[in-house]
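Please open the structure in your viewer and keep the sequence beside it. The stops below are meant to be selected in turn, with time to look around at each.

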Amino acid sequence: MKLQRLFTFLIALFIVSGTMADRPKIGLVLGGGGAKGAAEVGVLKVIEQAGVPIDYIAGSSVGAIVGGLYAAGYTADELETIFQTQEWLSLLTDRNAAFSDEPYRTQDGVTYIFGFPVMDRNSRGFGMMRGGRIEQLLDSMVSVRGCTEFESLRIPFCCVAADMRTAQEVVLSKGIVASAIRASIAIPGIFKPVSKDDYMLVDGGLLNNLPVDVCKAMGADIIIAIDLQQEERQPRQQMESSLLTSLGDFLGLGGVIEWLVNRPDIRKHSENRKLVDIYIRPDIPDYDMTSFGNKNSARMIRAGEEAAKHHWEELLKLPPNYTP
């Protein structure tokens, strides 16, 4: 009797294993958009409700934050709590809480206004914010799940950055996760670049704000993409003068003009859209990259849920319910 049960169990295991091996792999692509990343959490909640297994994740800018934490094992509900409880503006701006009640304060060469650093006499351009606080938080969060390095993540994950020296895209998939995410969110002129090997890395959205091609290269057969951009023809918001200045320091005036004329980010965005199987774009036109805060996050999370529910039937047809 025991032998028969064991035989039945092994047959069932073989069937399940074969089914899982044969099913197409699902890739999740998370676009950049600053505070609007909260909407991606809402989409993830619906993806989980539909029971869709995620095999690969690729993200850019805030999509790297959401994707990296999800790859480390955080659930959509946990991410919702994180987005609604963390002081993201303070984290991203390196705000010094000790000076938050002081209109003006200078210490160690850094000038603060209500705790926000506005001038650093020790800095030499290329961005004001060091991004140390957000990197420390991300490192502690992935470490709690035992996922300090890419190789230890529960879901294969890549994030995208741009090399300021060559204006080339750099895909990060090895080493320390928090450091890679910090590079992917480094908006030029605001955050200091991250030096890695021979690269000077900044925000990946400058070149590839919806890295569908990266996720395809990882091995994904089916792509679910979450796009936070609201303008069809403007995948990235108009660059600020400080950003242009920082790019000019590396690329020169000719390089910046070439970038503006060719807009490689727009071209790549258009190409990647064609590779998407389920394209989800939350309707959040009243918010921008700086719309942090608990109320804004809650509303954007709901907007993400609503956008994903429009694709509910498509999501239900994906594995494990997939039939060729």
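**Stops along the chain**

Begin by selecting Arg273 and Tyr279, where Arg273 lies over the face of the Tyr279 ring, at 3.8 Å from the ring centre; a charge is said to sit over a ring if NZ of Lys or CZ of Arg is within 6 Å of the ring centre and within 35 degrees of the ring normal. Select next Arg145 and Tyr74, where the charged end of Arg145 sits over the ring of Tyr74, 3.9 Å from its centre.

A word on the model before going further. It is a predicted model, in which local features need pLDDT of at least 70 and side-chain atom pairs count only at pLDDT 80 or more, whereas totals for chains, interfaces and linings use all residues. Residues are numbered from 1 along each chain as its sequence is written, and side-chain values use heavy atoms, with hydrogens and water left out.

Now show the whole protein chain as a cartoon, which has 12 helices and 11 strands; these are DSSP runs numbered from the N terminus, helices being H or I of at least four residues and strands E of at least two. Of its 324 residues, 51% count as buried, where buried means under 20% relative accessible area, exposed over 50% and partly exposed in between, with a 1.4 Å probe and protein chains only.

Select helix H2 (residues 38-49) and helix H3 (residues 62-71), which pack at an angle of about 35° with their axes 11 Å apart; the axes are lines fitted to C-alpha atoms, for helices over the stretch in contact, and angles run from 0 to 180 degrees between N-to-C directions. Their contact (heavy atoms within 4.5 Å) is made by Glu40, Leu44 and Glu48 of H2 together with Val62, Gly63, Val66 and Tyr70 of H3. Stay on H3, where 10 of its 10 residues are buried.

Step back to Ser61, which lies in the loop between strand E2 (56-60) and H3. Its phi is near 60°, a positive value in a residue other than glycine, and Ser61 counts as buried at 4% relative accessibility. Just after H3, Gly73 takes a positive phi of about 115°.

For another positive phi, select Asp197, which is not a glycine and has a value of about 55°. Asp197 is placed in the loop between strand E8 (194-196) and strand E9 (199-203), and with a relative accessible area of 69% Asp197 is exposed.

Move on to Cys159 in strand E6 (residues 157-163), a residue that is buried with a relative accessible area of 0%. Leaving aside neighbours within four places in sequence, Cys159 is in contact with residues including Gly59, Ala64, Phe150, Ala180 and Ile181. Add Gly204 to the selection: although 45 residues apart along the chain, the C-alpha atoms of Cys159 and Gly204 are separated by 8.0 Å.

With Phe150 already in view, add Phe157: the two form a stacked aromatic pair, 5.8 Å centre to centre and with 10° between the planes. Rings of Phe, Tyr and Trp (its six-membered ring) pair if their centres lie within 6.5 Å, planes under 30 degrees apart counting as stacked, over 60 as edge-to-face and the rest as tilted. Phe150 is buried at 6% relative accessibility, and Phe157 is buried at 4%.

Finish at helix H7 (residues 177-184), which is mostly covered, with 7 of its 8 residues buried; among them are Ala180 and Ile181, which also appear among the contacts of Cys159.
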